[in-house]
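Biologist: I'd love a close look at one single part of this structure, followed outwards into its surroundings. Please take it slowly and explain your terms as you go.

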Amino acid sequence: NVKVVSPGTETTVRDVLIAPDVAIRDVYFPPHGVVSLISTLADRTPVEVMTIGKEGLVGLPLFLRATRSPFTAFVQVPGEALRMAAGVFERLLDEGNSDLHQRLSHYTHVLFNQIGQLVVCNRLHLIAQRCARWLLMTHDRMGRDDFLLTHDFLAQMQQLKKMGPLGDLLKMIPGMGGLAKQLPEGPEAEAELKRIEAIISS
């Protein structure tokens, strides 16, 4: 129902749409742009949990009858988002809007599958493959070959280089020794990280 959705507003990089552990006031449908859900660790390190584009809803906990989220939802790739007040959204659910409920149920199912695939990808794939997956998903959501990215991913790559060889880091993590053996070492590893930086910066 377009009458209960605010007209599309431009979103800019780093706009926080939902803050962690506070009541969700609005939900968002981003027809253009990409939103990241971020978990902040105890040492304030941000870790991306998932991304949301034109296929989804920012504020899904409300559909699941929760009032808040442990994650920060912020704009990763700028674009446009349609906003609906939380009270209006909940009223539509209470009124038994079957089309809305069916679409969001389907989205929740797809999202569950995506998160499962992400776990597999992060466990088995190298950094270059994970980077390629992220870029391809962002490309699909934006529908064009050029889009603006933040430098968060690039900063993480540079931080990894400062911490030492990737293989040595993974060997310190229980269960990751097998993956460490698959990684290139020395100049080859350095070249791989430089290649990823070039992809992000291009």
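Modeller: Happily! Let's start at Thr72, which counts as buried because its relative accessibility is 15%; buried means under 20% relative accessible area, exposed means over 50%, and partly exposed lies in between, with a 1.4 Å probe and protein chains only. Before we go further, please keep in mind that this is a predicted model, where local features need pLDDT of at least 70 and side-chain atom pairs count only at pLDDT 80 or more, while totals for chains, interfaces and linings use all residues. Residues are numbered from 1 along each chain as its sequence is written, and side-chain values use heavy atoms, leaving out hydrogens and water.

Thr72 sits in strand E5, which covers residues 72-85. Strands (E, at least two residues) and helices (H or I, at least four) are DSSP runs, numbered from the N terminus. If we set aside neighbours within four places in sequence, Thr72 is in contact with Val16, Ile18, Pro20, Ser36, Leu37 and Ile38, where contact means heavy atoms within 4.5 Å.

Some of the surroundings of E5 enclose space. The structure has two cavities of 30 Å³ or more, and the second largest of them holds about 30 Å³. Strands E3 (26-40) and E5 each give at least two residues to its lining. Among the residues around this cavity are Thr11, Leu17, Val34, Val35, Val75, Val77 and Glu80. By class, the lining divides into seven nonpolar residues, four polar and one charged. Here Ala, Val, Leu, Ile, Met, Phe, Trp, Tyr, Cys and Pro count as nonpolar, Asp, Glu, Lys and Arg as charged, and the others, Gly among them, as polar. A cavity is a set of points on a 1 Å grid over the protein atoms alone where a 1.4 Å probe fits but cannot get out; a pocket is an open set with protein on both sides within 12 Å along at least five of seven lines, and lining residues have an atom within 4 Å of a point. Grid points are joined across faces, edges and corners, and a volume is the space filled by probe spheres set on them.

Strand E3 deserves a visit too. Pro31 belongs to E3 and, at 28% relative accessibility, it counts as partly exposed. Beyond its sequence neighbours within four places, Pro31 is in contact with Lys54, Glu80, Ala81 and Leu82. Its C-alpha lies 6.9 Å from that of Gly53, although 22 residues separate the two in sequence. Between E3 and E4 runs a loop that holds Arg44. Arg44 has a positive phi of about 75° although it is not a glycine, and it counts as exposed at 71% relative accessibility. Arg65 is another such case, with phi near 70°, and it is found in the loop between H1 and E5.

On the far side of the Arg44 loop in sequence comes E4, the strand that holds Thr51. Thr51 is buried, at 9% relative accessibility. Leaving aside neighbours within four places, its contacts are Val34, Val35, Ser36, Trp134 and Arg141.

Leu37, which we met beside Thr72, also lines the second largest pocket. With Met50, Leu60, Pro61 and Leu111, Leu37 lies nearest the centre of that pocket, which has 20 lining residues in total. The pocket has a volume of about 330 Å³. Strand E4 (46-52), helix H1 (60-63) and H3 each supply at least two lining residues, and H3 gives the largest share, five. The lining has 17 nonpolar residues, three polar and no charged ones.

H3 also meets another helix. The axes of H3 (residues 98-124) and H4 (residues 127-142) come within 10 Å and cross at roughly 150°. The two helices are therefore roughly antiparallel to each other. Gln114, Gln117, Leu118, Cys121 and Asn122 of H3 make this contact with Arg130, Arg133, Met137 and Arg141 of H4. That gives three nonpolar, three polar and three charged residues. For the angles, under 35 degrees counts as roughly parallel, over 145 as roughly antiparallel, 65 to 115 as roughly perpendicular and the rest as oblique; axes are lines fitted to C-alpha atoms, for helices over the stretch in contact, and angles run from 0 to 180 degrees between N-to-C directions.
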